[in-house]
Amino acid sequence: MLMQYSDAPFPEGTQLFASRENVMDYLENYAQDVKHLIKYQCTVLAVTPRDIMKSHAWELTIRDGQNETHIESFDAVVAANGHCDWPLLPAIEGLDEWSNAFPNSLHHSVSYKNAQAFVGK
C-alpha cells in the first residue's frame with residue numbers, strides 16, 4: 001500500500017492504488033476513536049499558548065456554525081489546513097526505475113484535476 005498510517009495497515013486484499021471508497025472507509029475507521037472530538041463548520045479565530053506545564057495548555061477562540069464566538073481550552077492543537085501544492089513522492093524501492101521505464105506514469109494527487117488523462121487506460 002502506497003499510503004497508510006504506520007499503526008494501521010489497510011485491510012488485507014486492498015489494491016495497491018486503493019479506490020476512493022476504500023480510502024474513505026480507512027480514514028473513517030482510523031478516526032473512529034476521536035471522531036466525537038472533531039468539530040465541523042467552525043472557524044478558529046485565534047490560538048493562544050497558555051502555561052505549557054498545565055493541562056489544557058492551548059486556548060482557542062472559535063466561531064461556530066451559529067456565528068457565536070467562544071473560547072475553549074485544549075491539551076494539544078493540530079494545524080491541518082490541507083495545504084499541499086507540491087508533490088512529495090515516498091522513497092519506494094523501484095519507483096525511480098519505474099518512472100524511467102514509463103515516463104509520465106506517476107501522478108501525485110496535487111496535479112489531479114479530473115479523470116480525463118486516465119480514460120481508456
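Here are a few friendly notes on this predicted model, grouped by feature.

1. Strand pairing. Let me start with the strands. Strand 1 (43-49) pairs with strand 2 (residues 58-63) in an antiparallel arrangement, with 6 bridges joining the two. Strand 2 also runs antiparallel to strand 3, again over 6 bridges. Strand 3 itself covers residues 69-74.

2. A row across the strands. Glu59 of strand 2 is a handy residue to click on. On one side, Thr48 stands opposite Glu59; on the other, Glu59 stands opposite Ser73 in strand 3. If you follow the side chains from here, keep in mind that in a regular strand they alternate between the two faces of the sheet.

3. The hairpin. Strand 2 and strand 3 form a hairpin with 5 residues between the strands. Within that hairpin, Asn67 takes a positive phi near 65 degrees, so you may like to find Asn67 on your backbone plot.

4. The stacked pair at Phe10. By the ring-centre rule there are 5 aromatic pairs in the model. One of them joins Phe10 and Tyr26, which are stacked with 3.9 Å centre to centre and 10 degrees between the planes. Phe10 sits in the segment before helix 1 and Tyr26 in helix 1, so this pair links distant parts of the chain, 16 residues apart. Both rings are covered: Phe10 is buried at 9% relative accessibility, and Tyr26 is buried at 8%.

5. Along helix 1. Tyr26 has another stacked partner in Tyr30, because their planes are at 25 degrees, with the ring centres 6.5 Å apart. Both residues lie in helix 1, 4 residues apart, which is about one turn of the helix. Tyr30 counts as partly exposed, with a relative accessible area of 35%, whereas Tyr26 counts as buried. Together with Tyr5 and Phe10, these two tyrosines form one aromatic cluster.

6. Salt bridges around helix 1. The model has 3 salt bridges. One of them joins Glu21 to Arg20, with the closest N and O atoms 3.8 Å apart; the cut-off is 4 Å. Arg20 is exposed at 68% relative accessibility, while Glu21 is partly exposed at 44%. In another, the side chains of Glu28 and Lys35 meet at 2.5 Å, N to O. Here both partners are partly exposed, Glu28 at 28% and Lys35 at 34%.

7. A salt bridge between loop and strand. Lys39 and Glu72 meet through their side chains at 2.6 Å, N to O. Lys39 lies in the loop between helix 1 and strand 1, and Glu72 in strand 3, so the pair ties together parts that are 33 residues apart in sequence. Which of the two counts as buried, and which as partly exposed? Glu72 is the buried one, at 19% relative accessibility; the limit for buried is under 20%. Lys39 is partly exposed, at 48%.

8. The nonpolar patch. Finally, have a look at the surface around Val34, Leu37, Ile38 and Tyr40, which make a nonpolar patch of about 420 Å². Ile38 is found in the loop between helix 1 (20-30) and strand 1, and with 37% relative accessibility Ile38 counts as partly exposed. Patch members need over 30% relative accessible area, so Ile38 passes that test.

How values were computed:
Residues are numbered from 1 along each chain as its sequence is written. This is a predicted model: local features need pLDDT of at least 70, side-chain atom pairs count only at pLDDT 80 or more; totals for chains, interfaces and linings use all residues. Side-chain values use heavy atoms; hydrogens and water are left out. Patches are made of residues with over 30% relative accessible area and no salt bridge: like charges are joined within 9 Å, nonpolar side chains (Val, Leu, Ile, Met, Phe, Trp, Tyr) within 5 Å. Accessible areas come from the Shrake-Rupley method with a 1.4 Å probe; for residues, only the protein chains shown count as cover. Buried means under 20% relative accessible area, exposed over 50%, partly exposed in between (1.4 Å probe, protein chains only). Two strands pair if DSSP finds at least two bridges between them. Rings of Phe, Tyr and Trp (its six-membered ring) pair if their centres lie within 6.5 Å; planes under 30 degrees apart count as stacked, over 60 as edge-to-face and the rest as tilted.
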